[in-house]
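Me: I am new to this structure and would like to be taken through it slowly. Please show the reasoning behind each answer.

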Amino acid sequence: MGLPALEFSDCYLDSPAFRERLRCSEQELERTNRFLKDVVKDGNALIGAIKNYSLAVQKFSLTLQSFQFDFIGDTLTDDEINIAESFKEFAELLQEVELERSMMVQNASNLLIKPLEKFRKEQIGFTKERKKKFEKDGEKFYSMLDRHLHLSSKKKESQLQEADLLVDKERHVFFESSLEYVYQIQEVQESKKFSIVEPVLAFLHSLFTYNNLTVELTQDFLPYKQQLQLSLQNTRNHFNSTREELEDLKKRMKEAPLTCKLPGKPTIEGYLYSQEKWALGISWVKYYCQYEKETKMLRMTPMEQKPGAKQGTTVHLILKSCVRRKTDSIDKRFCFDIETVERSGPITLQAPSEANRRLWMEAMDGKEPVVELNEIGFRFVRKCINAVETNGIATEGVYRTVGSNIQVQKLLNAFFDPKCPGDVDFQSSDWDIKTITSSLKFYLRNLSEPVMTYKLHKELVLAAKSENLDERLGAIHGLVYKLPEKNREMSELLIRHLVQVCEHSRENLMSPSNMGVIFGPTLMRAQEDTVAAMMNIKFQNIVVEILIEHFNKIYSGPPEDNAAPPVPPPRVATRRHKPITISKRPLRERPLFFGGSVEESEEEDSCGLAPNGIVAALSPDVPKPLQRSRLQRPGEADPGRPSPESRGAGEPCAEVGVGRLVSRLQEGGAKLSSKPANSIGPTPHALKTSNLQSKKPAPRPGASCREGDYESFPTKARLPGEKPVITRPPMRPPDPPCKAPGPQKVEAKMDLVAGTAAEAPSSVVASRAKFFETASFRRGR
């Protein structure tokens with residue numbers, strides 16, 4: 001049950017019932033006073049916690065910004081540039097969020113603490129002073145009345161009349177004090193309904209508006225996040241590809257115990273058997289061989305370990321290549337072929353064991369036996385491509401999934417059998433897609449020279465390192481037509497097939513970037529196996545990726561000038577390439593906070609209205625909206641808003657469809673707008689317009705938004721016994737983007753402001769009620 005009303009007529013009677021009702025009001029006032037103290041205390045604690053959290057986030061962002069990535073190599077890929085700049089982007093985003101938070105915190109005290117403290121000290125404190133005066137005057141009156149009643153009737157008439165006048169005067173003073181006190185305590189009880197709730201509402205509005213801004217920043221962050229995740233995945237794929245090659249190189253180093261030889265000693269030495277052809281047949285001669293890797297010098301001394309046998313003359317040969325001999329091509333085991341400068345044909349050597357053969361081949365940079373890029377090889381590639389495009393182009397992870405090594409060797413041996421080459425049915429159930437794709441990669445990887453050739457390897461890598469994308473494409477385009485005819489034909493055949501595979505990336509999950517990771521080392525392997533060369537595998541992948549993405553342009557014909565653009569020299573320092581960014585994105589429209597700073601008062605006073613729809617002259621203490629502004633770099637201008645000089649002094653802004661917005665808010669249909677900012681002010685403190693603005697156009701001047709006209713409110717017949725729904729006017733909606741309606745309405749606008757100022761409502765709530773009665777108005781500039 002509510003408090004009983006205090007009648008002014010009871011002040012004269014001063015009855016016990018009146019005193020009891022007055023005591024109830026005093027107790028409620030004291031309870032309100034304690035409540036305000038708690039709200040102020042907890043509000044300060046909340047603001048302090050927000051400030052401490054903001055400081056911690058700012059320190060975290062500075063820590064992120066201070067770190068700088070260092071990478072191996074002289075050049076970064078585009079994905080590595082994005083990763084290198086990511087911490088800086090993170091820091092700038094966090095700083096932008098904290099800028100919003102700091103602006104909200106700076107205004108929090110003005111929005112919440114100061115109004116509540118002001119009400120408690122000025123209103124409740126003033127009421128307590130009235131109470132003291134009331135009690136003092138009452139005590140004085142009743143004490144005088146007691147003395148007056150004890151006067152003897154034998155006193156002179158003049159003395160009695162004078163005493164009566166003094167009592168009447170004191171009664172009148174007490175009665176006035178009682179009236180003032182009753183009026184004041186009831187005014188405080190009534191005004192606290194809005195004077196206490198309104199600051200809390202303003203604070204929550206600013207807090208929720210800040211949360212809304214962080215949601216918008218999250219939406220802005222999503223595209224950057226997706227692009228960065230793609231860069232991270234591409235870099236991880238390059239890393240896995242490079243790691244496999246490095247692990248293979250490390251394994252070979254471990255298995256070669258003679259790698260760390262003593263100075264002056266050969267790289268490897270030991271007994272080998274050499275196949276020598278004579279007129280009467282073939283014989284195997286035993287040699288003691290010594291090989292120096294630096295000079296590629298092989299010394300072969302014939303040895304006959306029988307007693308008294310003479311030793312032959314040492315033969316010196318310069319090594320050209322070394323290839324493992326296939327088992328099915330010779331009836332001996334552990335054989336390998338070498339080519340030398342001095343002899344025209346290959347020399348077949350036999351090692352004592354498989355382990356020893358592996359050591360010799362490691363020392364001589366030996367290769368596995370390969371089939372040259374000839375007609376049989378082209379037929380093999382075409383059959384593999386046809387099988388994949390017919391049966392496995394939609395297979396998930398095609399070319400990434402590895403087949404059985406035994407099956408791969410079986411397929412290659414069957415197809416490249418010298419007796420019947422190419423006599424293999426790829427549609428047979430014996431060969432699955434993994435075996436076919438692995439066989440194709442094995443064939444390309446073990447060619448004596450890669451498809452893109454050793455000669456053009458460095459030029460292609462340098463082209464991929466170019467920071468200009470057009471120059472990068474043009475250079476690779478020109479270098480493709482420097483390939484030998486067979487190599488260019490093979491590359492076109494393969495890249496066309498890879499384009500077909502990538503067109504089914506939704507099913508097989510193989511994008512051009514993934515294909516680049518797989519076929520980069522296959523088509524563009526380096527001539528020397530070094531760590532530095534393997535660090536360039538990522539650029540080999542980029543070359544293949546560019547060939548896939550621009551297949552039609554590259555293979556439609558040579559460049560117009562028939563020459564590749566100049567390729568930039570290798571860089572000593574890390575190149576600077578424009579990375580993906582979120583900090584330089586277009587600004588969004590920003591809503592006005594309810595309550596704010598003093599800096600905008602000059603602009604708002606020029607219109608005669610405060611941003612919340614209140615006449616500024618009537619309520620100077622009402623907090624103004626917080627401005628959200630983006631820090632601009634020197635020399636940077638906002639193109640989305642005209643300068644103050646170009647805008648007319650009397651140009652008004654579009655009015656707000658209040659009734660329509662109220663209807664949407666009641667239906668829960670206030671939707672956020674994601675349009676980019678188009679009315680950003682030219683100064684750092686320029687106002688941002690609201691993204692809560694309705695997508696429908698604002699009502700035209702002169703439309704049916706008259707006083708008390710709320711046609712947009714949903715009307716519904718109330719059922720019997722149903723409680724009436726209280727429709728509360730919402731807060732002043734944010735200002736819409738500025739438009740330029742007809743100039744004939746400017747004078748009416750100024751009349752409205754003048755009329756509102758003349759009527760001068762007595763309180764903030766009264767001024768806002770006056771605003772909502774007019775339903776809409778236009779702000780002038």
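Reply: Helices (H or I, at least four residues) and strands (E, at least two) are DSSP runs that are numbered from the N terminus. This is a predicted model, in which local features need a pLDDT of at least 70 and side-chain atom pairs count only at pLDDT 80 or more, while totals for chains, interfaces and linings use all residues. Residues are numbered from 1 along each chain as its sequence is written, and side-chain values use heavy atoms, with hydrogens and water left out.

Me: How many helices and strands are there in the chain?

Reply: The chain has 781 residues, and 76% of its contacts with a separation of 6 or more, where contact means heavy atoms within 4.5 Å, are between residues 24 or more positions apart. Counting its elements gives 22 helices and 6 strands.

Me: Is Ser-25 buried or exposed?

Reply: Ser-25 belongs to helix H2, which covers residues 16-66, and, apart from neighbours within four places in sequence, Ser-25 is in contact with Leu-3, Leu-6, Ile-185 and Gln-189. The classes rest on relative accessible area: buried is under 20%, exposed is over 50% and partly exposed lies in between, with a 1.4 Å probe and protein chains only. Of the residues in the chain, 43% count as buried. Ser-25 has a relative accessible area of 4%, and therefore the class is buried.

Me: Which residue is at the centre of the kink in H4?

Reply: Helix H4 has 64 residues (86-149), and because the expected span is 1.5 Å times one less than the number of residues, H4 should span 94 Å, which agrees with the 92 Å between its end C-alpha atoms. The bend at a residue is the angle between axes fitted to the seven residues ending there and the seven starting there. In H4 there is a kink of about 40 degrees, and the residue on which it is centred is Asn-107.

Me: How many Å separate the C-alpha atoms of Arg-130 and Gln-184?

Reply: Arg-130 also lies in helix H4 and counts as partly exposed because its relative accessibility is 23%. Not counting residues up to four places away in sequence, Arg-130 touches Glu-180, Tyr-181 and Gln-184. Although Arg-130 and Gln-184 are 54 residues apart along the chain, their C-alpha atoms are separated by 7.7 Å.

Me: Where is Lys-296 found?

Reply: Most residues other than glycine have a negative phi. Lys-296, which is not a glycine, has a positive phi of about 55 degrees, and its relative accessible area of 40% makes it partly exposed. Leaving out neighbours within four places in sequence, Lys-296 contacts Tyr-291, Leu-317, Ile-318 and Leu-319, and its C-alpha atom is 5.7 Å from that of Ile-318, 22 residues away along the chain. The place of Lys-296 is the loop between strand E2 (281-292) and strand E3 (297-302).

Me: What is the relative accessible area of Leu-509?

Reply: Leu-509 has a positive phi near 60 degrees, again in a residue other than glycine. Leu-509 lies in the loop between helix H14 (505-508) and helix H15 (512-523). Leu-509 counts as partly exposed because its relative accessible area is 41%.

Me: How are H11 and H17 placed relative to each other?

Reply: Helix H11 (residues 457-464) and helix H17 (residues 537-549) pack with their axes 9 Å apart, at an angle of about 80 degrees. The contact involves His-457, Leu-460, Val-461 and Ala-464 of H11 with Phe-539, Gln-540, Ile-542 and Val-543 of H17. Axes here are lines fitted to C-alpha atoms, for helices over the stretch in contact, and angles run from 0 to 180 degrees between N-to-C directions. Angles under 35 degrees count as roughly parallel, over 145 as roughly antiparallel, 65 to 115 as roughly perpendicular and the rest as oblique, and therefore H11 and H17 are roughly perpendicular.

Me: How far apart in space are Gln-229 and Asp-79, C-alpha to C-alpha?

Reply: Gln-229 has its place in helix H6, residues 197-255, and is partly exposed because its relative accessibility is 44%. Gln-229 and Asp-79 are 150 residues apart in sequence, while their distance in space, C-alpha to C-alpha, is 9.8 Å.
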